[in-house]
Amino acid sequence: MLDTQFEQGRRFFETWQAWRADPQRPRLLHYVALNQTPPTAPDLASAAGNDPALMLLAHELAGQWLGLLPGFHRFLLNQGQVVLTLCVGDTLNLLRQQQFEADVVTLTLDSADAGSLWTIKALARCCRRGTRLTVRAQNGQGLLDVGRHLSQCGFDLKMPEAATASPEPATLEASFNPRWALKNTRQTAIESAIPVGTCAVIGAGLAGASVAAALARRGWQVTVLDQADAPAAGASGLPVGLVVPHVSADDCALSRLSRSGVRLMLQQARSLLVAGQDWAPTGVLERDIDGEHLATQDIWHPQGAWLKPGQLVRAWLGHPGVSFMGNAKVAQLRQRGGTWELLDAQQQVLCRAERVLLANACGAATLLQRLLQDEPQRAPDFARLPAMHGLRGLLSWAPHDDTSPAIFPPHPVNGSGSMVPRIPIEGATAWFMGSSYQPESQPERPDQDNHLNNWQHLQPLLPELAAELRQKFESGELKHWKNTRCVTTDRLPAVGPLEASDAPGLWICAGLGSRGLSFSVLCAELLAARWGAEPWPVEASLARALNALRH
Ligand SMILES: Cc1cc2nc3c(=O)[nH]c(=O)nc-3n(C[C@H](O)[C@H](O)[C@H](O)COP(=O)(O)OP(=O)(O)OC[C@H]3O[C@@H](n4cnc5c(N)ncnc54)[C@H](O)[C@@H]3O)c2cc1C
């Protein structure tokens, strides 16, 4: 459903409630609502009025009602089955950034622009043949003009009897049924939905597990294969990581995408994890140590959180419709008719599926190289992928001993490196300081050098704490966790099809870099939206920055 005026949310709550009450409801309800400025959380409550059922829904939404800057904001409600995309800003611009065809549209004429020919043209782009439209106007003002524009843009009007008499009706009904054939350009811009089926995901880390859960929620049967015997064996085995948006003075694509991603990740944490044990929304202090990125020196992220990624990966893999296959290293991909086969090094078929997703970080490049040997015609497509490389990282950590907790900050501090204190682990609490960076192409540095490197980053971040901990870092007694991040040249993940075809079977979600916790859910939502021709979680222009074949 597309609603050009969210107002205070009443229509959304009524639609959500009607969906809940319908025994034949579809699996997902997508509601895309536009608004010049977002209402406040108390506005949402008052929109629900005294209706107890609507009040409950308003309460669920109000819990996530934060940081609504201009742009798209996605809310996963009702266990992820009700998806609200709130788009804040100018109606015409927001309509042009949509990438789906609605079943039902509500157009509210609250200004001259709302009924302009340009707006109706942009609206028609979001309709398929048969889309129903209701136009609402205060006192019926502007309905006649908009009726003319609608006819011109391919809508059949269903004027009530009274429409020609005065006063004009307050609503007008129409359906999209142009007399002309819809152009191909529009079909390529908006991908068509494919029927749900079977999918194999290679890699059981944040990338693979989040996509698996997003697809399973839509009815897909997903097998997630990993070379290790248990999930989260790669970078996603990180004992604790920070969920915090990237900040830049010019609010670049990375910053805007990471903000959307953080919102989605925190929603997943709230619904799937135990607060205080698996994650905590402590807030995070961001210090701009080198003064390069921020206008001010320190920024407080009230929604910043620490999170244990492995817990989330396991929760996602537990979703009905997802099965995990361990000790399954994929060595080769092969297409047989419409089916993909995943083979091990002995040429045994591990799994067959209609679609394959490479979510195995830098391991994806090896599989693609192998596929090129059998199918060299894929070279021009693969050449459009951003280059990916491995960046090693080591996290230094130790339990808080009896004397030390008081000298630690009460919340994580992030800058060049991050200090994350007071994390419950192994029956005690511990602090974590990370993480070093070293290209995988270089010989691996000794662990102790990495500990010292982490200490050097702690110094400008928290000088007094660094002085206290100096001896611990130098002693060689600290514990560590290390792994490799998969980084693209432009530091943005690569998400999308790996072949330029009408029905691509081979997809990728990799290159999450140092921000898997900020990006994994956003990437999964985007990929699932593309498979189902659903509304996208972010503006189309922003989503394009993540396209796998972007060069
Ligand atoms: C030291 C360090 C600190 C970090 N700190 C943070 C942080 O604070 N915040 C944050 O957001 N991010 C952080 N990250 C980054 C984050 O961990 C990653 O972005 C994220 O885990 C990547 O997830 P992934 O699923 O893409 O890759 P991975 O978790 O590496 O998963 C890839 C999986 O593919 C499997 N695999 C590979 N090849 C094959 C094959 N051929 N067949 C079958 N399986 C295969 C591997 O076994 C692995 O399980 C950190 C990373 C490191 C190393």
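How many bridges join β5 to β6, and do the two strands run parallel or antiparallel? Keep that in mind while you open the model, which is a predicted one.

**Stop 1: the sheet**

Select the open sheet of 8 strands and trace its order: β3-β4-β2-β1-β5-β6-β8-β7, with mixed pairing. At the edges you'll meet β3 (71–77) and β7 (155–158), each of which pairs on one side only. If you're new to sheets, here's the basic idea: strands pair through backbone hydrogen bonds, either parallel or antiparallel.

Now walk across the middle. Start with β1, residues 2–3, and β5, residues 102–109: these two run parallel and are joined by 2 bridges. Click on D3 and look across to β5, where its bridge partner is T106.

Stay on T106 and look over to β6, where T106 has T134 as its bridge partner. Here's the answer to the opening question: 7 bridges join β5 to β6, and the two strands run parallel.

Keep T134 selected and carry on to β8, where its bridge partner is E173. The direction changes on this step: β6 (residues 127–137) and β8 (residues 171–176) run antiparallel, with 5 bridges between them. While you're here, show some side chains. In a regular strand they alternate between the two faces of the sheet.

**Stop 2: a helix with two sides**

Next, select helix α3, residues 52–62. Which of its residues are buried? Colour L54, L57, A58 and L61, and you have them. These four sit on the same side of α3, because they cover an arc of only 100° around the axis.

Turn the helix over. On the face turned away from the buried side you'll find the exposed residues P52 and L56. Then turn back and show what covers the buried residues: α1 (10–21), α2 (41–48) and β3 are among the elements that do so. You've already met β3 as an edge strand of the sheet.

**Stop 3: around the ligand**

Jump to the ligand. How many residues surround it? There are 40, and the closest are G205, G234, G363, G393 and G516. Colour the shell by class and you get 19 nonpolar, 17 polar and 4 charged residues.

Where does the shell come from? Domain 2 (198–387 + 489–546) and domain 3 (390–487) each give at least three residues. For a finer view, select α8 (206–216), β11 (241–243), β21 (388–399), β26 (479–488) and α15 (516–531), since each of these supplies at least two residues of the shell.

**Stop 4: some backbone oddities**

Before you zoom in, a rule of thumb: most residues other than glycine have a negative phi, and most peptide bonds are trans.

First, go to G434 and S435, which are joined by a cis peptide bond with omega of about -20°. S435 is in the loop between β24 (428–434) and β25 (438–439).

Then try Q347, in the loop between β18 (339–343) and β19 (349–353). Q347 isn't a glycine, yet its phi is positive, at about 70°. Is Q347 buried or exposed? It counts as exposed, because it has 9 C-beta neighbours inside 10 Å, and the cut-off for exposed is 12 or fewer.

Finish at R491, in the loop between β26 and β27 (494–497). You saw β26 at the ligand stop, where it supplies at least two residues of the shell. R491 is another residue other than glycine with a positive phi, near 65°. With 14 other C-beta atoms within 10 Å, R491 is partly exposed.

Note on methods:
Residues are numbered from 1 along each chain as its sequence is written. This is a predicted model: local features need pLDDT of at least 70, side-chain atom pairs count only at pLDDT 80 or more; totals for chains, interfaces and linings use all residues. A residue is near a molecule or strand if its C-beta atom, placed from the backbone, lies within 6 Å of it. Ala, Val, Leu, Ile, Met, Phe, Trp, Tyr, Cys and Pro count as nonpolar, Asp, Glu, Lys and Arg as charged, and the others, Gly among them, as polar. Domain bounds come from an automatic or database domain assignment. Two strands pair if DSSP finds at least two bridges between them. A residue is buried if 20 or more other C-beta atoms lie within 10 Å of its own, exposed if 12 or fewer, and partly exposed in between; C-beta atoms are placed from the backbone. The arc is that of the directions from the helix axis to the C-beta atoms. Two residues are in contact if their C-beta atoms, placed from the backbone, lie within 7 Å.
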